[in-house]
Amino acid sequence: MSDLNAALDDILIGEDAASNLTCSAFAEVNEAPRPQPNKGKARNRSRSRSRSKAKSVAPVGELPDVLAGRYRLERLLGAGGMGAVYRARDLLHEQFGEPDPYLALKVMSEAFSETPDASALLYSEFALSRRLRHPNIVRVYSFEVDTQCRRAFITMELMRGLALDRLLCERPTGLPWNELCDVVRPLLDALAYSHAQGVLHGDLKPSNVMLCDDGVRLFDFGLSQAEEGILTGLPQLSRSRFNAWTPSYAAPELLEEGVVSVSSDLYAVACVIYELASGKHPFRRLPATQARNERLDHQLQAPRNLAKHCWPVLRKALAFDPSVRLTTVSPLRDVFREPSSWLKRWLCRA
Ligand SMILES: Nc1ncnc2c1ncn2[C@@H]1O[C@H](COP(=O)(O)OP(=O)(O)O)[C@@H](O)[C@H]1O
Ligand SMILES: [Mg+2]
């Protein structure tokens with residue numbers, strides 16, 4: 001038991017190393033713990049060992065073909081600002097005859113994984129996504145570390161489909177009402193559920209929503225944040241210093257103060273819905289702060305494919321001023337569930 005405590009002591013964050021959670025995450029868990037005859041002294045010695053390790057932590061290595069002796073990387077699926085996602089095969093599951101041993105594996109990009117807290121950020125993405133069990137949200141499996149190359153990674157379900165940014169390239173005039181509803185309803189369900197669990201997405205945009213064979217999936221919780229009081233054990237890492245928000249989908253207050261909120265998620269999802277309904281971004285892809293300065297909201301017109309009754313609510317979700325913006329997903333969700341006026345008329349006649 002004391003051996004285990006000593007090993008844990010090595011992993012736990014020393015006060016001086018706390019500013020760099022990545023160093024702590026890679027404290028050498030492989031090293032055989034030494035017997036500790038005196039608990040008090042052992043802890044002190046262990047702290048000083050952690051300190052010296054934190055100073056001499058090795059640089060992260062290149063990705064090997066097989067991570068953690070188990071996941072064979074097959075090909076790069078995509079890379080965003082901070083992460084790279086690979087299609088991988090779980091060799092362990094395959095050995096036991098698993099017919100579909102494929103999964104997606106996310107690591108921080110090589111450049112980014114050198115920055116302090118990179119692994120802690122990835123862990124935070126994992127912990128927040130793991131809270132969410134919903135048919136329209138990507139399912140994560142595990143958070144692991146390859147101790148040889150000193151890289152942390154997440155494993156998750158392999159989505160097979162088309163992201164909305166690619167769909168929009170194929171459908172430059174937007175989606176007709178029925179198809180629009182097929183995408184928007186599950187997307188809003190996923191967002192409402194996520195907010196109900198206290199998880200704010202923080203980076204909603206077309207490339208973070210996938211249309212899969214079995215439905216829509218919201219993914220990439222890399223810039224997510226928990227609402228106050230949720231997952232309080234997670235380190236409060238500041239994402240704003242990475243300046244990673246996507247300017248055309250980030251609400252003005254997110255660009256100015258870096259505060260993710262239900263309301264900033266609503267602004268982002270409203271931009272996505274507008275774009276799906278018209279093929280065009282509501283504010284010419286400008287950052288919200290610039291669009292606000294240019295008063296582009298005054299020229300905003302209802303997208304052609306949107307049912308009329310949805311427009312007042314969508315417009316309210318697009319407000320630059322958070323004090324007049326929608327405060328929950330519900331009104332948007334409700335209008336997309338309501339039958340449109342032509343359908344109502346038809347139903348009344350029938
Ligand atoms: N679970 C997954 N299955 C299939 N492809 C994925 C999966 N997760 C991410 N991708 C692909 O990898 C790209 C980058 O992943 P993402 O999580 O968005 O990383 P980043 O935080 O760098 O934007 C996505 O745009 C998508 O194409
Ligand atoms: Mg992304």
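**Surroundings of ligand 1 and a three-stranded sheet**

In this predicted model, ligand 1 is surrounded by 21 residues, of which Gly78, Gly80, Val85, Ala104 and Asp220 are the closest. When the residues of this shell are sorted by class, 11 are nonpolar, 7 are polar and 3 are charged. At least two residues of the shell are supplied by each of strand 2 (71–79), strand 3 (83–90) and strand 4 (102–108), and the most is given by strand 2, which contributes 3 residues. With respect to the domain assignment, the shell around ligand 1 draws on both domain 1 (2–10 + 161–346) and domain 2 (17–24 + 60–156), at least three residues coming from each.

Apart from the ligand shell, an open sheet is described here, in which 3 strands are arranged in the order 7-9-10 with antiparallel pairing. Strand 7 (161–163) and strand 10 (215–218) are the edge strands of this sheet, each of them pairing on one side only. On average, and with direction ignored, neighbouring strands of the sheet are turned by 25° against each other.

Within this sheet, the antiparallel pairing of strand 9 (residues 209–212) with strand 10 extends over 4 bridges, and valine 209 stands opposite leucine 218 of strand 10. Helix 7 (residues 177–196) lies across both strand 9 and strand 10, and the helix runs at about 40° to strand 10.

Note on methods. Residues numbered from 1 in each chain as written. Chains lettered and ligands numbered in written order. Predicted model: local features only at pLDDT ≥ 70, side-chain atom pairs only at ≥ 80, totals over all residues. Near = placed C-beta within 6 Å. Nonpolar A, V, L, I, M, F, W, Y, C, P; charged D, E, K, R; others polar. Domains from an automatic or database assignment. Pairing = 2+ DSSP bridges. Axes fitted to C-alpha atoms, helices over the stretch in contact; angles between N-to-C directions. Contact = placed C-beta atoms within 7 Å.
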